[in-house]
Amino acid sequence: MMMVGDRILNFWKINEGAKVAVRRFPVSLAFTLALSVQLICYAWMDQSPDALTFFLSVGMLVALIQHLWAEDNVGYALPCMGRCVRCLAFWLLPLLLLGADSIVLHYADDINLAVQIAQSGAVAALLVVLCFLPFLRERDDCKSWNFVFRLVSSAAIALTVGGVMCGGISFLYYGAAELFGFEVEEDIVFTYCILCLISLPILLFHIRIPSGEEKHNAQLPKNRFVLGVTKFLFIPLAVLYILVLYAYGLKILFTWTLPEGMLATMVSVMMLGVILITFLMYPYRVVANGESRVPNGEWGMVQGKWFMRIVPYAVVPLIFLMSVGLARRFMDYGITANRLYVLTLNLWFYAVAIGLIVGKARRIHWISISFAALVVLTSCHPWNFNSAYRSMMLDRYDAITKKYNLNMSEMTETVLRQSMQMMTEKESRRFYDVLQNSKDFNDRIKQECSHLSLYLNYEMFMQYNSLAVGSESSNDMEYLYDDGAGFHVPQGYESFTLVSESQNPMHMNVSDADEENGSARNGNDSTFVYSHDTFGDFVIAYRNLDNERQYVFRNETGDAVLVVEHLKVYSNRLFSISGCIFHH
């Protein structure tokens with residue numbers, strides 16, 4: 001089949017390319033059409049995406065994978081469905097399983113973080129299958145490398161075209177509304193955003209998927225831009241990461257200190273960079289029939305060889321340093337789902353480094369396939385890391401509450417701090433960690449502790465005990481103004497900025513009184529300062545606010561006023577605020 005649409009902006013070929021794509025991917029594009037219609041209808045009905053949206057989105061990806069496999073294996077083509085049970089199962093079974101999964105999601109009372117991670121991991125694995133399934137029988141990875149590179153570049157082009165179209169139509173629509181004086185309809189905006197950012201990019205992506213000889217092309221791509229970016233940007237950046245991490249390792253060695261938590265992130269970014277460079281360099285280093293694919297003086301052979309020869313050995317000590325840092329985190333703070341994932345990533349880095357040393361990067365796509373397999377093994381089954389952590393949290397929660405006789409359903413934050421101060425530091429840290437993560441993983445803990453606002457880290461939470469003034473209820477207040485009329489615009493102001501922030505620490509230490517503005521700048525038990533990034537500080541007097549009135553507070557420079565619609569002050573010196581700032 002001939003590849004159509006190499007020039008993405010050649011609009012004379014888009015019609016022909018669309019027809020070819022429809023004939024080549026009928027089921028996948030049918031899912032795309034259904035998804036677009038559903039999202040547009042939901043936008044006009046003011047309804048959020050649901051399990052049906054998930055089914056149509058993932059179904060489009062599953063159908064695309066099936067099409068790419070079937071066009072290389074005639075026995076699985078759509079016309080064979082009525083004549084071959086194996087072909088019928090190939091097309092229907094994955095979609096039936098996806099439908100069952102979507103039904104479970106639809107009737108689930110609460111989709112917690114563990115379920116979200118499992119579903120995301122399954123989708124990530126499907127993306128890897130999309131890239132490499134048609135090339136499982138190949139002896140090297142050159143054909144699949146070309147195919148993946150074309151897929152990535154096609155996706156980037158399709159998203160860019162969709163973004164430009166959306167931006168251009170938005171400017172045209174808002175500009176026309178301003179010129180002709182008609183009201184902007186949000187439903188129309190949502191409609192063309194869906195068409196430009198979802199429907200159009202997916203169609204363009206399908207048009208540009210290589211087929212036939214292009215799909216199984218093993219020739220070396222002539223892309224000097226990618227080579228230049230890899231040579232002058234990616235490799236120097238990876239080397240800088242390695243040098244900095246080695247310098248940090250020497251510091252640890254000479255000062256005899258344990259690694260910090262940031263080390264794992266630095267090593268992970270460094271290893272991902274090394275893997276990216278390995279992928280980009282692969283077709284320029286592989287040897288076929290005893291001969292290099294590039295002349296001996298080319299960049300890929302002369303300046304790239306040293307990187308792939310030295311770096312796999314150089315990163316092993318850094319991966320070990322990451323292991324030491326992880327061991328410290330486990331000993332200090334215990335096991336969490338996130339740390340289990342980071343530990344798995346650390347072990348996978350060992351496998352990647354050893355594989356590059358032994359295999360000398362003759363095959364590289366095992367890296368992506370092994371990563372997808374690990375994601376499925378650790379997330380996409382009932383005994384995954386998150387479910388294991390959930391059971392562990394519940395056991396730890398029950399042990400602490402029983403040991404210290406804590407009734408969490410009636411616990412206030414002040415009493416909780418006092419109870420945690422009676423525990424050892426290790427126990428209190430782990431217990432607070434359980435309480436913070438319970439809202440994402442465990443329904444029973446979430447229900448018993450739903451009244452506690454545990455958004456601060458452990459140190460800040462424990463320090464707030466010394467800041468409390470009076471009894472637990474003396475600082476609790478909530479002001480809500482809602483008469484249906486909206487904001488009353490102060491005179492003399494031409495522009496406005498909406499404000500909506502929650503769980504911010506109150507700033508009580510302020511400067512002396514500002515006589516010019518007539519507002520007390522002294523922080524006390526009745527005022528605090530709300531700091532806005534653009535308009536500066538507003539002194540908020542929050543005592544005895546009347547819900548029947550709308551309050552206005554001026555900033556210290558006098559060029560903006562804050563009209564408060566909702567204000568809540570918590571007993572632990574946190575506050576939530578919403579309203580509107582009017583300014584010139």
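In the predicted model, E214 is partly exposed, with a relative accessible area of 35%. This residue forms a salt bridge with R150, the closest N and O atoms of the pair being 3.1 Å apart. Because R150 belongs to helix α6 and E214 to helix α8 (residues 212-215), the pair ties together parts of the chain that are 64 residues apart in sequence.

The pairing of R150 with E214 belongs to a wider set of charged contacts. Side chains of opposite charge can pair when their charged atoms come close. The count of salt bridges in the model comes to eight. In one of them, the side chains of D141 and R363 meet at an N to O distance of 2.9 Å. D141 is situated in the loop between α5 (113-132) and α6 (142-180), and R363 in the loop between α13 (337-359) and α14 (365-379), so this pair ties together parts that are 222 residues apart in sequence. The two partners are covered to unlike extents: D141 counts as buried, at 4% relative accessibility, whereas R363 counts as partly exposed, at 34%. A further salt bridge joins the side chains of E138 and K143, with an N to O distance of 3.4 Å. E138 counts as partly exposed because its relative accessibility is 22%, a value between the 20% and 50% cut-offs. In addition, salt bridges link R24, E71, D72 and K215 in a network.

The chain as a whole contains 19 helices and nine strands. Of its 584 residues, 43% are buried. Among contacts between residues at least 6 apart in sequence, 68% join residues at least 24 apart. The chain exposes about 31600 Å², and carbon and sulfur atoms supply 62% of this area.

Helix α15 was examined in terms of its length, its buried residues and its two ends. The helix comprises 19 residues (residues 385-403), which at 1.5 Å a residue should span 27 Å; the C-alpha atoms at its ends are 27 Å apart, in agreement with that expectation. The expected span follows from 1.5 Å times one less than the number of residues. Buried positions within α15 are N386, S387, Y389, M393, R396, Y397, I400 and T401. At the N-terminal end, α15 is capped by N384, a side-chain oxygen of which lies 2.9 Å from the backbone nitrogen of N386. Beyond the helix, α15 is followed by N405, which has a positive phi near 55°.

Backbone geometry was considered next. Most residues other than glycine have a negative phi. N405, although not a glycine, has a positive phi of about 55°. The residue is placed in the loop between α15 and α16 (413-422), and N405 counts as exposed at 71% relative accessibility. D46, likewise a residue other than glycine, also has a positive phi, near 55°. The loop that holds D46 runs between α2 (26-44) and α3 (51-70). D46 is exposed, its relative accessible area being 73%.

The capping residue N384 is also one of the contacts of S379. S379 is located in helix α14 and counts as buried, at 3% relative accessibility. Leaving aside residues up to four places away in sequence, S379 touches I117, A118, Y341 and N384. Of these partners, Y341 is 38 residues from S379 along the chain, and the C-alpha atoms of the two are separated by 9.4 Å. A second buried position is T191, with a relative accessible area of 16%. T191 lies in helix α7 (residues 186-207). With residues up to four places away in sequence again excluded, T191 touches I40 and W44.

At the surface, L250, L253, F254 and W256 make a nonpolar patch of about 570 Å². F254 is found in helix α9 (residues 224-255). This residue is exposed, because its relative accessible area of 69% lies over the 50% cut-off.

How values were computed: Residues are numbered from 1 along each chain as its sequence is written. This is a predicted model: local features need pLDDT of at least 70, side-chain atom pairs count only at pLDDT 80 or more; totals for chains, interfaces and linings use all residues. Side-chain values use heavy atoms; hydrogens and water are left out. Helices (H or I, at least four residues) and strands (E, at least two) are DSSP runs, numbered from the N terminus. Buried means under 20% relative accessible area, exposed over 50%, partly exposed in between (1.4 Å probe, protein chains only). A polar contact is a pair of N or O atoms within 3.5 Å; within protein, one must be able to donate a hydrogen and the other to accept it, and residues adjacent in sequence count only if both atoms are side-chain atoms. Patches are made of residues with over 30% relative accessible area and no salt bridge: like charges are joined within 9 Å, nonpolar side chains (Val, Leu, Ile, Met, Phe, Trp, Tyr) within 5 Å. Accessible areas come from the Shrake-Rupley method with a 1.4 Å probe; for residues, only the protein chains shown count as cover. A salt bridge is a side-chain nitrogen of Lys or Arg within 4 Å of a carboxyl oxygen of Asp or Glu. Contact means heavy atoms within 4.5 Å.
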